[in-house]
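Reader: I should like a close look at a single helix and its surroundings. Please describe what lies around that helix, and the core to which it contributes.

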Amino acid sequence: MARWPSLGLRARLLSAFALLCVVTAAGVAGGIYVHARNDILQRTQDAAVEAMRSRLEALYPLRSATPGPAELGEIARAMTDRNSSAVAFYQGAQSPAGPPPGQAVPGRPPRAPGLAPGTISPELRRTVAEGGMAWQRVLWQGEPFLIIGAPLVITEPDRTTRVSGIEVYTAHSLVPEQRSIDGLAAWAWLTGGAALVFAVVLASLATRGVLRPVRELGRAARLLGEGDLRARVAVRGSDELADVARTFNDTAAELERHVEQLREMEADSRRFVADVSHELRTPLAALAAVADVLDEEAAGLPEHAGRAARLVSQETLNLTGLVNDLIEISRFDSGVATLALNEVDVAELVRATLRTRGWSESVHTELPPGVTAHLDPRRVDVILANLVANALRHGEPPVSVRLSADPRWVALEVRDHGPGLDEAVLPHVFDRFYKASAARARSEGSGLGLAIARENARLHRGDLTVVNAPDGGAVFTLRLPCRTHDPDGGSA
């Protein structure tokens with residue numbers, strides 16, 4: 001179903017003010033117009049009826065009780081003035097037609113039409129024939145006229161009255177009244193238009209005062225959402241909008257205080273991890289040397305002692321790897337990690353990574369030649385080694401590495417054919433210290449490898465993603481730009 005486009009608050013307020021003004025002005029002006037129109041027409045009608053009565057009374061005494069066309073013409077002329085015409089009927093005879101309409105004088109109302117039996121409605125003729133006086137409004141050649149009909153009543157010497165059978169009809173022009181009514185309509189439209197303009201101006205002033213604090217509040221909220229915790233709203237007055245502004249400022253101040261506390265706690269935590277990691281490197285180096293000696297002598301020791309020596313050596317290596325990962329993470333968090341960019345043959349870099357770790361035979365590769373990019377080879381090696389190691393450790397063969405490129409991006413896809421990752425695990429694969437133990441075998445790592453891999457990808461202005469393949473297995477995709485810009489602003 002189609003919907004009207006949403007309007008802003010300012011447009012809605014202006015529309016409401018304008019609609020209210022239009023409805024009010026139309027109601028008031030319409031009421032005044034109807035009342036004035038009826039009053040003008042009623043007064044004109046009453047005056048015309050009274051004038052006709054007066055002229056009828058002035059016709060007595062009649063020269064003949066059975067008038068012919070000539071006498072009827074005299075009666076009609078006696079009932080006619082410059083703004084009306086008349087016709088008289090008696091037993092099928094009628095007075096001659098009135099003056100033709102073309103004789104109207106410029107600047108004066110048009111003359112009334114020359115009345116004929118066809119001009120007068122049968123209802124009006126019937127009412128007059130029965131001895132009553134009646135009238136009706138008609139249009140003739142687009143102009144309004146009032147037709148009044150009355151019987152000629154004769155008063156006998158003994159004061160009794162009788163109907164003579166003579167019917168007299170007059171047509172009065174209503175053009176002057178129509179012009180007055182049209183003037184009232186024009187005045188009503190003009191008043192309504194002026195009221196609408198006034199309402200729009202008033203609404204603009206009102207909405208400006210109302211919407212200014214709302215706009216300021218929206219701007220401050222937007223800045224607050226973008227991280228500017230010092231954004232505040234100016235408080236004006238003591239109305240409801242001022243209360244909202246004070247509440248916003250109090251909330252923003254409290255949020256700023258809590259965020260500052262969290263930042264300080266996070267900075268302390270990062271410093272603690274970095275300091276501990278650095279402090280552990282020296283004793284771990286000594287332990288690693290001792291572990292190497294124990295590992296070499298484990299074969300000559302009793303079974304239980306040899307197994308313990310190998311366990312100590314392995315856990316020392318694991319602890320050393322964890323400390324190195326924590327140091328690397330602390331560098332990312334503190335923003336001191338940098339890139340050493342070089343022009344790299346990506347296919348050769350992949351082969352070197354697999355060859356160095358002895359994976360060349362167990363990993364299938366699709367590496368088209370001639371793909372080069374500006375990368376930090378050490379960090380890309382870390383990413384690729386982590387992905388392939390995970391695929392070999394947790395997935396099932398065959399494990400493959402596929403290289404593709406376009407003019408802007410280089411993509412490395414590492415895939416295994418194991419059970420894949422549970423849907424609940426996918427959003428957390430790159431979280432720190434997260435291990436998908438429910439979906440895969442127990443991990444021997446620290447849970448930081450994939451987090452470091454993604455940080456290295458983002459340091460290159462790229463990204464690292466993972467999905468499950470439709471036919472089974474997890475697919476990790478590393479996308480890197482062909483020309484990586486150094487975080488300090490340079491480009492290799």
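Author: The account below follows one helix, H7, from its ends to its surroundings. The model is predicted, so that local features need pLDDT of at least 70 and side-chain atom pairs count only at pLDDT 80 or more, while totals for chains, interfaces and linings use all residues. Residues are numbered from 1 along each chain as its sequence is written, and side-chain values use heavy atoms, with hydrogens and water left out.

Helix H7 spans residues 346–356; helices (H or I, at least four residues) and strands (E, at least two) are DSSP runs, numbered from the N terminus. At its N-terminal end, Asp-345 acts as a cap, with a side-chain oxygen 3.2 Å from the backbone nitrogen of Ala-347. Just after H7, Gly-358 adopts a positive phi of about 75 degrees.

Within H7, Val-346, Ala-347, Leu-349, Val-350, Thr-353 and Leu-354 are buried (under 20% relative accessible area, with exposed over 50% and partly exposed in between; 1.4 Å probe, protein chains only). These residues lie on the same side of H7 because they cover an arc of only 165 degrees around the axis, taken from the directions from the helix axis to the C-beta atoms. The face turned away from that buried side carries the exposed residues Arg-355 and Thr-356. Among the elements covering the buried residues are strand E6 (342–345), helix H8 (377–394) and strand E9 (399–405).

The largest nonpolar core (buried Ala, Val, Leu, Ile, Met, Phe, Trp, Tyr and Cys residues joined through side-chain atoms within 4.5 Å) has 41 residues, and Val-346 is one of those with the most contacts inside it. H7 is among the elements that give two or more residues to this core, whereas H8 supplies the largest share, eight residues.

Conventions
Contact means heavy atoms within 4.5 Å. A polar contact is a pair of N or O atoms within 3.5 Å; within protein, one must be able to donate a hydrogen and the other to accept it, and residues adjacent in sequence count only if both atoms are side-chain atoms.
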